[in-house]
Amino acid sequence: MFGCIRSKNPKHAKSVNYYNNDNNNNEISSHQQQLPQPHLEEAKNRIKKSNTALLMIDFQRDFCSPSGYADVAFEDAGQEWVESIIPKAQQLLKWARDKNLLIIHTREGYSPDLSDVSESKSRKSKANNAPIGKQGPLGRLLIRGEYGQDTIDELASLPGETVLDKSSFGTFCTTNLDSILRQAGIEQVILAGVTADVCVHTTLREATDRGYECWYVRDAISTPDPFLREACERMVVHEGGIWGWLVTVDEITKLEL
């Protein structure tokens, strides 16, 4: 989940303010209401308890808590971008548990010796002022086993729920997620998590390419840049829903499975 890379150039910072802009957020909200999905109701009939899984993507302290990776990388973003979706994510998770759906939690993280961090990824994290492995208040950034790499308490996994550690943005790339889903007979995948533009969208696209029908729960998915958040939502329904279906937590949890 690297999220958007904020420019360190003062000239760029003055010309574009991606964060904490109420006018921008209001404009985005008005666009969200206009996204056409003429076949959404038909698609809802395909969701069954037996063929549906919930992916909770990277709700880690490093991304969701003060002094974590995201707070270091996007110092001007604050915490509202992620704090605002936690209650909705909790609602979605509770619903999935009540319905006995397959629930999978993911965590981005890397080996303490950085052996699974490519030179390219290392350079990019350094350019964003948050090198993978750097010591921080929550432990070394994005390192497996550190306090910050674990899931936040509000959305922690329960016994019996699968937790997948991945050394990649997409979950399918470096885990056995595809095998887990196929063995369980899963056809429908509901996604929530952070960040919209990196780990969530990468996993969404991986899932679509493998034949899964995806449900992008927009009020349980976020990223520091509100313009990227909107773009990620609009891409889902582009070309007749090329990446799946755009829904809210309330819409999903009202389904009779």
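Helix axes are lines fitted to C-alpha atoms over the stretch in contact, and angles run from 0 to 180 degrees between N-to-C directions. In this predicted model, the axis of helix α10, spanning residues 196-209, comes within 10 Å of the axis of helix α11, spanning residues 226-241, and the two cross at roughly 15°. Because angles under 35 degrees count as roughly parallel, α10 and α11 are assigned to that class and are therefore roughly parallel to each other. The crossing in which α10 passes α11 is left-handed.

The contact between the two helices involves residues from both partners. On the α10 side, Ala196, Asp197, His201, Leu204 and Arg205 take part; on the α11 side, they meet Leu228, Cys232, Met235 and Val236. By residue class, the contact of α10 with α11 comprises six nonpolar residues, one polar residue and two charged residues.

A second element examined was strand β2, which covers residues 102-108. Six of the seven residues of β2 are buried, so this strand is largely enclosed by the rest of the structure. Strand β2 is paired with strand β1, formed by residues 52-57, through five bridges, and these strands run parallel. Within this pairing, alanine 53 has leucine 102 of β2 as its bridge partner. Five bridges also connect β2 to strand β5, formed by residues 162-166, again in a parallel arrangement. In the pairing of β2 with β5, the bridge partner of arginine 107 is aspartate 165, which lies in β5. Strand β2 is thus joined by bridges both to β1 and to β5.

Key
Residues numbered from 1 in each chain as written. Predicted model: local features only at pLDDT ≥ 70, side-chain atom pairs only at ≥ 80, totals over all residues. Heavy atoms only, no water. Helix = DSSP H or I, 4+ residues; strand = E, 2+ residues; numbered from the N terminus. Parallel < 35°, antiparallel > 145°, perpendicular 65-115°, else oblique. Left-handed = near helix turned anticlockwise from the far one by under 90°. Contact = heavy atoms within 4.5 Å. Nonpolar A, V, L, I, M, F, W, Y, C, P; charged D, E, K, R; others polar. Buried < 20%, exposed > 50% of the residue type's maximum accessible area, 1.4 Å probe, protein only. Pairing = 2+ DSSP bridges.
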